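Here is a report on how the parts of one structure meet. Keep the sequence and the 3D view open as you read.

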Amino acid sequence: MKKTFLKHEHFQQLLDALKEAGFACIGPQVRDGAIIYDTLTTSTQLPWGLRDFQEPGSYRLEKTAEYKAFSWANGPQALKPYLFKAEETLWRVKRDEAGKFIFEAEYAKAPAIAFIGARACDLAALAIQDKVFIEAKQIDIRYQQRRESLLIIAVNCTYASKNCFCVSAGTGPKVNHAYDLVLTEVDQGFVVQSGSERGAAILAKLTLTPASLLQIQQGALEIQQAANMQSKKIPFNNTRALGLALMNKLDHPRWLDVAERCLSCGNCTLVCPTCFCHSERDKPSLEATSSEHVREWDSCFTKGHSYITGKVIRPDTQSRYRQWLTHKVATWFEQFDVSGCVGCGRCITWCPVGIDLTEELSAMVEDFHET
Amino acid sequence: MLQDYPKPTLAVYKFTSCDGCQLAFLNAGVALLELTNLITIIHFAEAGFVAPTQAVDIAFVEGSISTLDEITRIQQIRAQSNYLITIGACATAGGIQALRNFAGSNNWLKDIYATSDTIDSLKTSYPISHYVKVDTELWGCPVNTAQVMVAIRSLLFNAAPQVKRDSVCMDCKRRGRVCILVSQQQSCMGPVTQTGCGSLCPGLNRACYGCYGPSENPNTQSLGAAFKKLGLSDVDVARQFHHINNQAPAFHQAGNRFKTIPIWVA
Ligand code: SF4
Ligand code: SF4
Ligand code: SF4
């Protein structure tokens, strides 16, 4: 697909074209000191000239010398909340006049979304969530509806935070999953490429010039820089070998050590773009004439998660943390044929006590040597 | 159908408290009218129903026990009630007034009143469960309408109410709030506090101060250590735990561990 160039000042055309095509634009913007995704109506809402400074348990935005819209790595969430909702009604039930139960399935209501700014790790995580919700025996119809109408405008990373490790995890920083459009930001604008007919149709409405060789080279160089910035690594580069090594360390003293630090708060699992655990409950009306069956994000750090046949199987933090980490990088392979970690670093940043899974893993898989 | 049976009865009793939790009923609006189709309110002084010694199916109790007379009264209420639910921090954990348990309450009385002879109170403020069996505890300062209505609905189904004790953080994440501990270094109690408020304070850019009491598996030691890294002194950390729910065992012990000097003795 040929590469074209979209000037910064023409970014608004992209939003307008998407809107005209019937999409609600969701894109990055600053709220409460972090980059979050919400409705994007004007290009001025983008986080121009800002980037994220992340460390274990800490996140802050800082100004950059250059005036760019995507010179940051990530924020607390990206795609997950738009497809796998934090709280959602699955079905409703009421009685008809004869007193018989009438069940009604709930369908997705929101309009089709154009998601602007999905990164390589976000799309790797999306592929995993697809396996959970639509490539499984039980299809989630609401997820499927939203997923099928989703238009993806991906962005190649040109900056990596201190907690990013997509290179070692094998997912980025260059986008390597399906997209409708992909942007690489360079001086004055974006090198743009379409990856689908829908994407090409949107591009046809924009003021574009052919991308120069210099712009294409600068784009490639910037992506390489984002890779070079990363210092974190996940042992065995996130392969099955890591899982096998970890499953041999189920009695390692480090599990107890991390349990002393871990708050069992669940933040890591809820910011993780691949975590899909949820619980369901019924919300009867006060007069018990109708009821809603609701699903919400849950976590392996809660008591309810391992409450089975009257017993809490994992009553303490040690067993809960071990469940989280062994599932994520070991047993996930058996379930989905891939690691559950895409290297985004969110669980490290948004852990209130800065627990870093790459460090925990390295400490436990001691015989791991960097290759 | 429920209407075919005589309606269960409900009472709301008050002990040492600010009356705020009772507003969970009074502010319920339409739900309060619906509720009266399902149950008969026999005692609820703040709403004008007075029958303090009548037997009742569902008893809601607000407030802590802080006088001798209240001990007798709660025993009487327990004896006449089928199912007893405490509402709020006072009834469930002794309330803010239980800070006097750490101090010499006589000294406090002397500081405030010209003569303490007329004050007939215990040296301590304790939760209801210190004196009688409690069937369900609803935490919060104050509790909200949803909590009490869900509990009543559950009992009308003949099922014990389920109270989730996950962390407040889970609600922050579900609601898309940016964590103020991570992004602003505020000493937020959310990671050790139980859900129920909908992460109200972090949503208003203010650290959670733990009014829903300890979460199910709280690591107070690790969070306290994290607060110290943010610049809080041991005394500050102790105060975080010795606050609205200072008698809740997890917070009581945590505060004692961090407290290096007796800060509340007058
Ligand atoms: S485990 Fe952590 S680093 Fe890996 S994908 Fe999940 S949040 Fe990102
Ligand atoms: S690892 Fe961190 S974010 Fe995850 S449950 Fe433990 S303290 Fe919370
Ligand atoms: S703001 Fe407080 S309650 Fe919310 S996620 Fe952060 S630490 Fe938890």
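## Where chain B meets chain A

Between chain B and chain A, 15 residue pairs are in polar contact, with both residues at pLDDT 80 or more. The side of chain B that touches chain A draws two or more residues from each of helix 2 (30-38), helix 6 (145-156), helix 7, helix 8 and helix 10 (220-229) of chain B. Helix 2 of chain B gives the largest share, five residues. Sorted by class, this side of chain B has 15 nonpolar, nine polar and seven charged residues. Remember that the model is predicted.

How many residues does each chain bring to the contact? Chain B brings 31 residues and chain A brings 42 residues. Together the two chains bury about 2,900 Å², and carbon and sulfur atoms carry 58% of it. Three residues stand out on chain B: B:Lys173, B:Arg174 and B:Val182 supply 22% of the area that chain B buries against chain A, more than any other three residues. Four salt bridges cross this interface. Look for A:Glu296 and B:Lys164: their side chains meet in a salt bridge, 3.2 Å from N to O.

## Ligand 3, between the chains

Where does ligand 3 lie? Ligand 3 sits between chains A and B. Helix 7 (168-174) and helix 8 (180-184) of chain B are the elements that give two or more residues to its shell. Helix 7 of chain B gives the most, with four residues.

Chain A is represented in the shell by A:Asn267. From chain B come B:Val168, B:Cys169, B:Cys172, B:Lys173, B:Cys179, B:Ile180, B:Leu181, B:Cys188, B:Gly190, B:Pro191 and B:Pro202. By class, the shell has nine nonpolar, two polar and one charged residues. B:Lys173 appears in this shell, and B:Lys173 is also one of the three residues that supply 22% of the area chain B buries against chain A.

## Ligand 2

Now turn to ligand 2. It is surrounded by 13 residues. The closest are A:Cys262, A:Leu263, A:Cys265, A:Cys268 and A:Cys351. Which classes make up the shell around ligand 2? The shell has ten nonpolar residues, three polar residues and no charged residues.

## Two domains in chain A

The domain assignment splits chain A into domain 1 (4-228) and domain 2 (235-365). Their C-alpha centres lie 25 Å apart. The contact takes 43 residues from domain 1 of chain A and 44 residues from domain 2 of chain A. The area buried between these domains is about 3,500 Å², with 56% from carbon and sulfur atoms.

How many salt bridges cross the interface of domain 1 of chain A and domain 2 of chain A? There are six salt bridges. Within chain A, A:Arg295 forms a salt bridge with A:Glu88, with the closest N and O atoms 3.6 Å apart. Between the two domains of chain A, 29 residue pairs are in polar contact, both at pLDDT 80 or more. On the domain 1 side, the elements that give two or more residues are strand 4 (50-55), strand 5 (58-63), helix 2 (80-83), strand 6 (87-95), helix 3 (120-133) and helix 5 (166-169) of chain A. By class, that side has 21 nonpolar, eleven polar and eleven charged residues.

## Two domains in chain B

Chain B is also assigned two domains: domain 1 (9-156) and domain 2 (168-258). The C-alpha centres of these domains of chain B lie 25 Å apart. The contact takes 17 residues from domain 1 of chain B and 16 residues from domain 2 of chain B. The two domains bury about 1,200 Å² between them, 60% of it on carbon and sulfur atoms. On domain 1 of chain B, B:Phe102, B:Trp139 and B:Cys141 supply 44% of the area that this domain buries against domain 2, more than any other three residues.

What about salt bridges across the interface of domain 1 of chain B and domain 2 of chain B? The rule finds zero. Six residue pairs are in polar contact across this interface, both at pLDDT 80 or more. The side of domain 1 of chain B that touches domain 2 of chain B has eleven nonpolar, six polar and no charged residues.

Conventions
Residues are numbered from 1 along each chain as its sequence is written. Chains are lettered from A and ligands numbered from 1 in the order in which they are written. This is a predicted model: local features need pLDDT of at least 70, side-chain atom pairs count only at pLDDT 80 or more; totals for chains, interfaces and linings use all residues. Side-chain values use heavy atoms; hydrogens and water are left out. A residue is near a molecule or strand if one of its heavy atoms lies within 4 Å of it. Ala, Val, Leu, Ile, Met, Phe, Trp, Tyr, Cys and Pro count as nonpolar, Asp, Glu, Lys and Arg as charged, and the others, Gly among them, as polar. Domain bounds come from an automatic or database domain assignment. Contact means heavy atoms within 4.5 Å. Buried area is the accessible area (1.4 Å probe) that two parts lose on being put together, summed over both. A polar contact is a pair of N or O atoms within 3.5 Å; within protein, one must be able to donate a hydrogen and the other to accept it, and residues adjacent in sequence count only if both atoms are side-chain atoms.
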